[in-house]
Amino acid sequence: MVSCYACSPYRGSEPGMGWRFVQGLSKYHDVHVITEKEKWEKDIKQYIEEEEITNVHFYFIQKKRNRTLRKIWPPSYYWFYKAWQKKAYRLAKQLDDREHFDIIHQLNMVGYREPGYLWKINKPFVWGPIGGTQNVPWHLFSVFNFYGKLFYGGRNIVNAIQKYFLKRPRLAAKKQPSTLIAATPDIQKDILKLWHKTSEIITEIGTDDGLDIQVNDRDKEAALKIVWSGQHTSGKALNILLKSLALLDRKINWQLDILGVGKETNSWKALANKLNISSNCKWHGWIPKNDALNIMEKGHILCITSLKDLTSTITLESISLGLPIICLDHCGFAYVVNESCGIKIKVGALKNIQNDFKDAIELLYKNENLRKQLALGALKRAKDFSWKVNIEKLNTIYLNLLR
């Protein structure tokens, strides 16, 4: 029995992650899935009509919503999400009386705050991948505008309190027998510290096998094509990269492809103008996924400046396309990126971070052999995080728990 609140074969992020795990597990087990009705029933039923899928049974529960209240007070989402989890628990108990499940799995959403209630059922329990325990480093708050400082400062404080005082995550973590799954090594350390429980690591996203990717060359005088992708919010911190690029040696020929859009788009464009680098920046906005992947495939390096994330889809998409990564040495991408496929920047003082990004970009511009070596390493590293590997790890967890 899998509680998978978000599940869709046609979406990315949480619903895509839920679908990939459920679909992968169906190759080994008879899987019963409880998911949300309003958002995902149409997608799932459409897929089932078009494609054959066996060993998966879906049950849909409507979540009550108040969109006006959500706009006024975003955390109100959790009130209705908690009510949905209670409904899922009642349905799961009824189904267990009929199906006699061997394993109960709380799959998503991945945030630690809401573990649901399925752990109360008297069966071996799996929870995860788990995320959300990490805070934005306080010493980097100068990156944010006023709203960003307010939002992430408030989140840091609330998160610090909730990690230690929320009751149900602690009870779910202590359920016996059970196995917890952390999305990243940092989350794994937090689980041990908070709940005194060891956990396994499985990233919340994966790569696809069988992609035929060739590492592209860059002529000595050609522009170094740098890719940055993400929502344009304070926490993604594109302004760090823009300031780093402004520090580059003027002889260096570079182009920055910026994917995504959001509240910070205009302020970041203004910053690029102020730094006199706007002519090197191409703002693509939100474009179809295949177009975005095409831009990445033609790129030479990807830069990640996010201050709070799990593994991040862009990380695995990048290495799958043979794109070396320069990123901060924290969050989930620090787990994926190693010396074989990228360069990690120490999370020190902001000025040092900007200089280190600049130095890393200059290094890969001047040393094409190193860049190509990292690109080949990226393709090899991607195989370690394939969906096939993730599902095999999860299946091993199931079998060990049953033993």
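Tutor: Before we start, a pocket here is an open set of grid points with protein on both sides within 12 Å along at least five of seven lines, and its lining residues have an atom within 4 Å of a point. Keep in mind, too, that this is a predicted model.

Student: OK, so which residues lie nearest the centre of the second largest pocket?

Tutor: Those are Met-1, His-29, Asp-30, Asp-102 and Ile-103, out of 15 residues that line the second largest pocket, and the space inside that pocket comes to about 300 Å³.

Student: Which elements give two or more residues to that lining?

Tutor: Strand E2 (31–36) and helix H15 (387–402) do, and H15 gives the most, with 3 residues.

Student: And how do the lining residues divide into nonpolar, polar and charged?

Tutor: The lining of the second largest pocket has 9 nonpolar, 3 polar and 3 charged residues.

Student: Switching to strand E6, are its faces covered or open?

Tutor: Both faces are covered, with Ser-178, Leu-180 and Ala-182 buried on one side and Thr-179 and Ile-181 buried on the other, so that 5 of the 5 residues in E6 (residues 178–182) are buried.

Student: Why do the residues split between two sides like that?

Tutor: Because in a regular strand the side chains alternate between the two faces of the sheet.

Student: What does E6 pair with?

Tutor: Strand E5 (residues 125–130) runs parallel to E6 and is joined to E6 by 4 bridges, with Trp-127 standing opposite Leu-180. Strand E7 (residues 199–201) also pairs with E6 in the parallel sense, over 3 bridges, and there Glu-200 is the bridge partner of Ile-181.

Student: Which helix goes with E6 and E7?

Tutor: Helix H7 (residues 185–195) does, and together E6, H7 and E7 make a right-handed β-α-β unit.

Conventions: Residues are numbered from 1 along each chain as its sequence is written. This is a predicted model: local features need pLDDT of at least 70, side-chain atom pairs count only at pLDDT 80 or more; totals for chains, interfaces and linings use all residues. Side-chain values use heavy atoms; hydrogens and water are left out. Buried means under 20% relative accessible area, exposed over 50%, partly exposed in between (1.4 Å probe, protein chains only). Two strands pair if DSSP finds at least two bridges between them. A crossover is right-handed if, with the strands pointing away from the viewer, the path from the first strand over the helix to the second runs clockwise. On a 1 Å grid over the protein atoms alone, a cavity is a set of points where a 1.4 Å probe fits but cannot get out, and a pocket is an open set with protein on both sides within 12 Å along at least five of seven lines; lining residues have an atom within 4 Å of a point. Grid points are joined across faces, edges and corners, and a volume is the space filled by probe spheres set on the points. Ala, Val, Leu, Ile, Met, Phe, Trp, Tyr, Cys and Pro count as nonpolar, Asp, Glu, Lys and Arg as charged, and the others, Gly among them, as polar.
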